[in-house]
Amino acid sequence: MITMKPTIDLAAVDRIIAEFGTGTETAIPVLQAVQDHYRYLPSEALEHICATTDITPASIEGIATFFAQFRRKPVGDHIIKICAGTACHVKGSPAIYEALEKHLRIPQGEDTDPDGQFTLQRVACLGCCTLAPAVQIDEVTYGHLRPDAVPRVLADFLEHDADRKAAPPMRFHHPDSRTAEVRIGLGSCCVAGGSEKIRQALEETLTDLQAKVHVKHVSCVGMCHRTPLLEILLPDCPPKLYAKVRPEDVREIITRHFRPRSPFLRLKSSAMQWLERFYTDDGRNAVARYSIDTRDAPVAAFLNAQRRLATEYCGEVGPTDIDEYQRKGGFEALRRCLGLEGGARLQPEDIIDNIERSGLRGRGGAGFPTGRKWGFVRAAEGEEKYIICNGDEGDPGAFMDRMILESYPFRVIEGMLIASLAVDAHEGIFYIRAEYPLAVRRVRAALEACTQAGLVGDNILGSGHDFHIRVMEGAGAFVCGEETALLASLEGRRGTPAFRPPFPAHRGFREKPTLVNNTETLAFVPWILRHGPEAFAEFGTEKSKGTKVFSLAGKTARGGLIEVPMGVPLRQIVEEIGGGVQDGRTFKAVQVGGPSGGCIPAHLGDTPVDYEALTQAGAMMGSGGLVVLDDSDCMVEMTRYFLSFTQRESCGKCTPCRVGTKRMLEMLTRLCEGHGKAGDLERLEHLAKVVKEQSLCGLGKTAPNPVLTTLRYYRDEFEAHLHGRCPSGTCKGLIRYGITEACIGCTKCAQACPADAIAMTPYQPHTIDVEKCTRCDVCRQVCPVDAVKVE
Amino acid sequence: MPQLTIDGKIVEAASGATLLEAAATLGIDIPTLCHCQGVPPRTSCMLCVVKDTRTGRSLPACSALADEGMVVETHSEEIVAARREVLQLLLSEHTGDCEAPCRRTCPASLQIPYMLRLIQQGEVAAAARIAKRDLIIPATLGYVCSAPCEKGCRRHAIDEAVAIQEMHRQVAEACMKEAERSSCASESGMHVAVLGSGAAGLAAAWELRRLGHACVVHEEGLCVGGELWDHKELPVWVLEAEIESIRQAGVIFELNSTRTVDDLLGGGYDAVIIAHGGAQTPQERVFVAKTEHMPVRSVFHGKMAAAEADAFLMGHDNGHAKPFDSRMHRLHREEALLFSENRIAPEALARGRCPEQQQEEAARCLHCDCLRPTSCKLRRYATEYGAKGHVYGDAERLPLDRVRQGAGVLYEPGKCVRCGLCVEITRQEGEPFGLGFTGRGYGIQVAPPLHAGLDAALSKTARRCVEACPTGALAWEGQEENTPP
């Protein structure tokens, strides 16, 4: 049983209120803090908040039930977050969820096991698409899972839980002038890939060897498919990059490059290694197997076809090292705007003109010209103006904003500072998804450094300009990426969008003119002012200028964060950067723009990355998720998946989106289960058009895009489903598993089957009990001779 | 002062006026559910959609401001279709019946729940007037009808259907004399002949008289009543008395008549209704009332044919389009029991029917009809825009729920369209609890927060909230919107 606290000590609530204040705007931060303390929102705490602040019961209940982050029921000791992002979905996360539910014996309709040990939570995206399918238990991420691995994962977690609690904090070495450097990626993907353990192993090794090496904590390298990464830099040597490093490999890698200082240590080190290898029977050469070199052909294609503007100095700079940022040209653009770089101080109009000439368009999805938006806010009447950095990225399968905020917080801060000069604002807010704790920490640390350096706050660099920046954590609502919904939640209300006009540029946060820009958009601003708008406009197409950051995931050989010039054909991204699809499958489509976008089929692979071209093809730039699909992916099921996301994330305000997405999802689910009816496709298409045309905000207006594009390009697959057939063999209701004569009777499938649908018959061909089979696909994955077939 | 064009008319709108307000100055009524004077627009129902033909954008008229040079269409075919779609989506998540299933299944649409409520209150004469108005021969049908209404009765889910047929027979027989004095509209000067005097003919004749037309019934046979006489269980005096009440209303019966349609049309009649079941080729001024094996269906056809003839004679549209009917389909026993809460004692729930005790039997009715059948804007617009309630046939039905407390407000979440008017009103008036939204997406609901009750939520705003509610989601229990004939 879940143990309920008999009485709630409300002193913590009082402390929280004293910290945040009693205004209505504080509702979300207060609830977040309360939940941090109690691990859920007890009713007594909510009542106490209403009694002691201006927040009303209706408002607090509304917020507490609107945002996915808030829980009204106690949770288990550990939270298992199952990623429902696109990449994880195509690699089988639903089966993982089912396996967890089954293994933990979680009662129907509940999310916590009867012992109160684990609580399951489906999350939109963990942001480690390259480890798909992935789950995160508390702070530990497990990737590349299979349903049959669930018991082992839980056992491993519980076994190491105690160790983790006892682990000492990491000690950092400080750099000397010309020492060697070991760079370790500590972006979320790398951490998820196990870089934390690598860091510990590295620390131990270096201490043992007493090597004088600077261990540097670097931003995302963008090669998330190879995490964790370790890079060794020695003076006068080309950098050496090791990928997919395992903790046990660290010592070998390090000793290859750094010789222990004393002969005794040298001897001890090699003896230890020899002994270790002897006793652990781990004789393979870790270095040979795991080293990759950036000059290897495929990796060069991965890194060299890219142009890094927003992600400049990718993998080279420390995310919160303000001195390094400044050494590499950071804040130069700001100084230039303030006239501190020799030239005259730029007038706001000049800054806006620069941005306008660069052709920069909003990277959040809709592609509104950034300079024009700035112009509107500049022209809007009012003394008080605000700038919001929209980092509420919620798109499953996209994590550009997370990576930018984690890796280049100064760049975004600088972009915001420049914008504040252009529109004459004095307060800025970072609105960051709460699911991105690392990004929040990094931005806070960077802001602290900027404040100390006189770059943020009153009288910035003696210019007379004041600009204060704070961080607000989103609470888990995809719709809050929509600017009016974002503003509502900033003001302490449910995140529901409002009709525009009035646009936030005229009436936004606290009814004042507000500039809302996407994180990536702001990250481009310093580059543009440093290199000039023309240099930026040299990249890209006629209407889409510059570069765009994408997260590439799905069925490609390589995945991760990439930044490419606009205008690059999708096929080039898939084949050259992504290395084509895996396992000898064929490239079927690329899903662009997440749940608001659409699937562009392989035969339209020449479609360039360009706002208009993508829209014309039925997709949209969206926030920049690229998920590559191969011939084993069912387009009907993919459509159902995307719609189930938007349906779940609909705020419920306007009729077309609230009810329309639900009805579309019901029809798609019917199709996937083989219960489609004549006329369903026409009804679906008709309803999709209604929802697209009549919804209030961008979420509803774009939610039907996946439906409309797949109906346009893959109608035959829909028709096949109507006739009870799933051509790619994905939809569980339409397929059967069987075992062919190739079976050698090894019983692996029988052991792995979670539903006991395969009898244990050693040395005899196995058979599957179709009634018991849950079509979890485990048997097919474990069969050593490919004897399991799907009909 | 922006100048714009709405439906081809140029209008100068007050600055800051919405399209809804600008259209209103031209007398153009744009439908809306979530908009209400004194409450800022929430832009949620999306029924007020109009089109700005310059940009091709669909705009919600309640929030979009009138802008210089706009060219707006408010009732084009496209917009009407768009509104119908919105209504159909709202109706697909609507858990509630407009009319009780008994009335819905009655071919003649007898207003059963209201009739039963009147009987329960001892208003037998008023109940009889309803039976007469809807069934025309209610006492006769009390013997010969197969009572489909009772098959639809929701009380079935608990014990046994209410004895509806027995009820309308009893009140009709008790008030036979009174029925003769039923009033008719003033004379129209039109003459209509009805061929056949069975259930369809009698119904048509009575309806025509009520509408003020002179009416002669031509019957081939030797007595009025046609096939009704075949029902052996029907006491002779009952049918005779009901025929007499029709005669008293001014209908003339010509027996042994051999006149054909052409004779009648040539003989000074303005229209002819054929109600003898014979085949008929379509012809101007001639209307057919089908006769069926089930007498109550024949009554329905008779009423319909009379309405058509009346529309033709008076030169108006046969505009009595059937009002939209939302349907809940089958209920679980637990759901059906929600209707009995507060009203029917638990020990009375399993007792079964007791038609001898009229008032008690009438009190067995669950009153599952909507409390706001006429003031509901959703129903009104669904009727007006021809919306259908079952477009998404397999849609998941939300469970039935009824929230009530002492103050007399009944809240049915299944009928809520999430317009938020009550939420905003309780906020404006500073209710300590008020109503709020909970959840999001398809699961969004309006509810009192933090486990507060309905009375606490609406401590001072109940009247305003019920009035503002565009549907039957908030209503006064015991309030009757139906009016006695």
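User: Let's start with a single residue. Does B:Cys106 count as buried or exposed?

Analyst: The general idea is to ask how much of a residue a 1.4 Å probe can reach, taking protein chains only: under 20% relative accessible area is buried, over 50% is exposed, and anything in between is partly exposed. B:Cys106 has a relative accessibility of 8%, so it counts as buried. Before going on, some ground rules: this is a predicted model, where local features need pLDDT of at least 70 and side-chain atom pairs count only at pLDDT 80 or more, while totals for chains, interfaces and linings use all residues. Residues are numbered from 1 along each chain as its sequence is written, chains are lettered from A and ligands numbered from 1 in the order in which they are written, and side-chain values use heavy atoms, with hydrogens and water left out.

User: Why is B:Cys106 not bonded to B:Cys149?

Analyst: A disulfide is a covalent bond between the sulfur atoms of two cysteines. The rule here asks for two cysteine sulfur atoms within 2.5 Å. For B:Cys106 the closest cysteine sulfur belongs to B:Cys149, and at 6.2 Å that is too far for a bond. Searching the whole structure turns up zero disulfides over all chains. B:Cys419 is in no disulfide either, with the nearest cysteine sulfur, in B:Cys422, 6.2 Å away. B:Cys419 is buried as well, at 7% relative accessibility.

User: Okay, on to charges. How many salt bridges are there over all chains?

Analyst: Side chains of opposite charge can pair when their charged atoms come close. In practice we look for a side-chain nitrogen of Lys or Arg within 4 Å of a carboxyl oxygen of Asp or Glu. By that rule the count is 63 over all chains. Take A:Glu332 and A:Arg336, whose closest N and O atoms are 3.5 Å apart. Both sit in helix α15 (residues 332-337) of chain A, four residues apart, or about one turn of the helix. Helices here are DSSP runs of H or I with at least four residues, strands are E runs of at least two, and both are numbered from the N terminus. A:Glu332 is partly exposed at 24%, and A:Arg336 is partly exposed at 33%.

User: Which parts of chain B does the bridge between B:Arg379 and B:Glu99 tie together?

Analyst: B:Arg379 is in helix α16 (residues 377-384), while B:Glu99 is in the loop between α2 (77-92) and α3 (101-105), so the pair links parts of chain B that are 280 residues apart in sequence. Their side chains meet at 3.2 Å, N to O, and both residues are buried. For another pair, look at B:Arg247 and B:Glu244, which are three residues apart in helix α11 (residues 236-248) of chain B, about one helical turn. That salt bridge spans 3.3 Å, N to O. B:Arg247 is partly exposed at 39%, and B:Glu244 is partly exposed at 28%. Salt bridges can also share partners: B:Glu99, B:Arg103, B:Lys322, B:Asp325 and B:Arg379 are joined that way into one network.

User: What does the side chain of B:Asp310 make a polar contact with?

Analyst: A polar contact is a pair of N or O atoms within 3.5 Å; within protein, one must be able to donate a hydrogen and the other to accept it, and residues adjacent in sequence count only if both atoms are side-chain atoms. For B:Asp310 the partner is the side chain of B:His316, at 3.4 Å. B:Asp310 lies in helix α13 (residues 295-313) of chain B and is buried, at 10%.

User: Last one. How many residues of chain A are in contact with chain B?

Analyst: Contact means heavy atoms within 4.5 Å. On that basis, 46 residues of chain A touch 42 residues of chain B. The size of an interface is often given as the accessible area lost when the parts come together. That buried area, found with a 1.4 Å probe and summed over both parts, is about 3400 Å² here, 56% of it on carbon and sulfur atoms. Two salt bridges cross the interface, one of them between B:Arg440 and A:Glu649 at 3.0 Å, N to O. There are also 18 residue pairs in polar contact across the interface, both at pLDDT 80 or more. On the chain A side, α27(A) gives the largest share, ten residues.

Methods: Buried area = accessible area lost by both parts, 1.4 Å probe.
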